[in-house]
Amino acid sequence: MDDMDHRILSALLACGADPRVASAARGLSLAGEHGALWLAAGLTGAALDGGRRGAWLRGTALVAGAHLGSIGVKRVVRRARPTHVRPLVRTAGRYSFPSSHATSAAAAAVAYGALGAPAVVPLAAAMCLSRLVVGVHWPTDVAAGAALGALVARAGARWVSGGAPGTPYPGRLT
């Protein structure tokens, strides 16, 4: 697994040699710090979609909860960030697993995508890839973070939609 992590990371780091790609990856990394982009998106959804304000706010709470959960996992696992590369950005912490950027991005993709914001999905994917391009995570960190975020959002989907416990998930939050 370590060899595969190294090979994938090296391939994506090479993309950062293009100044346009590096700039976009740095911008995404900055916007995603502490889940800021995704929290702002959820609050914007709540402000603009008054009929589903509660659903947007609950989705935003799920994104925040997923992000906080990833921070807790980092403190338990304590995996070091890649040290063989020169990162293009600074990080808020020294631990790598799971990627909190990927966690909040995937949680937002699931929660907000179900609320009718499909543009969040490709943006979330770009956010996940950006963490590799800037050299601050191993691919398995990003994959684990994305899985954690998606699972948290999926687990809370019924709550976001306002459904009662035990009712079947309709597939889309309405």
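Which residues in α5 meet which residues in α6? The legends below take up that question and a few others.

This is a predicted model, with residues numbered from 1 along each chain as its sequence is written. Local features need pLDDT of at least 70, side-chain atom pairs count only at pLDDT 80 or more, totals for chains, interfaces and linings use all residues, and side-chain values use heavy atoms, with hydrogens and water left out.

**View 1. Helix α5 meets helix α6.** From α5 come H101, A102, A105, A108, A109 and Y112, and from α6 come V120, V121, A124, M127, C128 and R131. Contact here means heavy atoms within 4.5 Å. Helices are DSSP runs (H or I, at least four residues), numbered from the N terminus. The two helices pack at an angle of about 170°, and their axes are 9 Å apart. Axes are lines fitted to C-alpha atoms over the stretch in contact, and angles run from 0 to 180 degrees between N-to-C directions. α5 and α6 are therefore roughly antiparallel to each other, a term for angles over 145 degrees. By class, this contact has 10 nonpolar, one polar and one charged residues. Ala, Val, Leu, Ile, Met, Phe, Trp, Tyr, Cys and Pro count as nonpolar, Asp, Glu, Lys and Arg as charged, and the others, Gly among them, as polar.

**View 2. The largest nonpolar core has 33 residues.** Such a core is a set of buried Ala, Val, Leu, Ile, Met, Phe, Trp, Tyr and Cys residues joined through side-chain atoms within 4.5 Å, where buried means under 20% relative accessible area (1.4 Å probe, protein chains only). Look for W38, W56, V63, A105, A108, Y112 and V120, which touch the most other members. Each of the helices α1 (2-15), α2 (19-31), α3 (36-48), α4 (53-77), α5 (100-114), α6 (120-133) and α7 (139-155) supplies at least two residues. With seven residues, α5 gives the most.

**View 3. W56 and Y112 form an aromatic pair.** A search of the whole structure finds one such pair. Its centres are 5.3 Å apart and its planes differ by 40°, so the pair is tilted. Rings of Phe, Tyr and Trp (its six-membered ring) pair if their centres lie within 6.5 Å; planes under 30 degrees apart count as stacked, over 60 as edge-to-face and the rest as tilted. W56 in helix α4 and Y112 in helix α5 are 56 residues apart, and the pair links distant parts of the chain. Both W56 and Y112 are buried. Beyond its neighbours within four places in sequence, Y112 contacts W38, L39, A41, G42, W56, G59, T60, V63, A117 and V120.

**View 4. S29 and D5 are buried in their helices.** S29, in helix α2, has a relative accessible area of 2%. Not counting residues up to four places away in sequence, S29 touches V89, H101, M127, S130, R131 and V134. D5 lies in helix α1, also with a relative accessible area of 2%. With the same sequence neighbours set aside, D5 touches R79, W138, P139 and T140.

**View 5. Some backbone details sit in loops.** Most residues other than glycine have a negative phi, and most peptide bonds are trans. A cis peptide bond joins F97 and P98, with omega about -5°; P98 lies in the loop between α4 and α5. R78, in the loop between α4 and α5, has a positive phi of about 60° although it is not a glycine. H34, in the loop between α2 and α3, likewise has a positive phi of about 60°.

Conventions
Buried < 20%, exposed > 50% of the residue type's maximum accessible area, 1.4 Å probe, protein only. Parallel < 35°, antiparallel > 145°, perpendicular 65-115°, else oblique.
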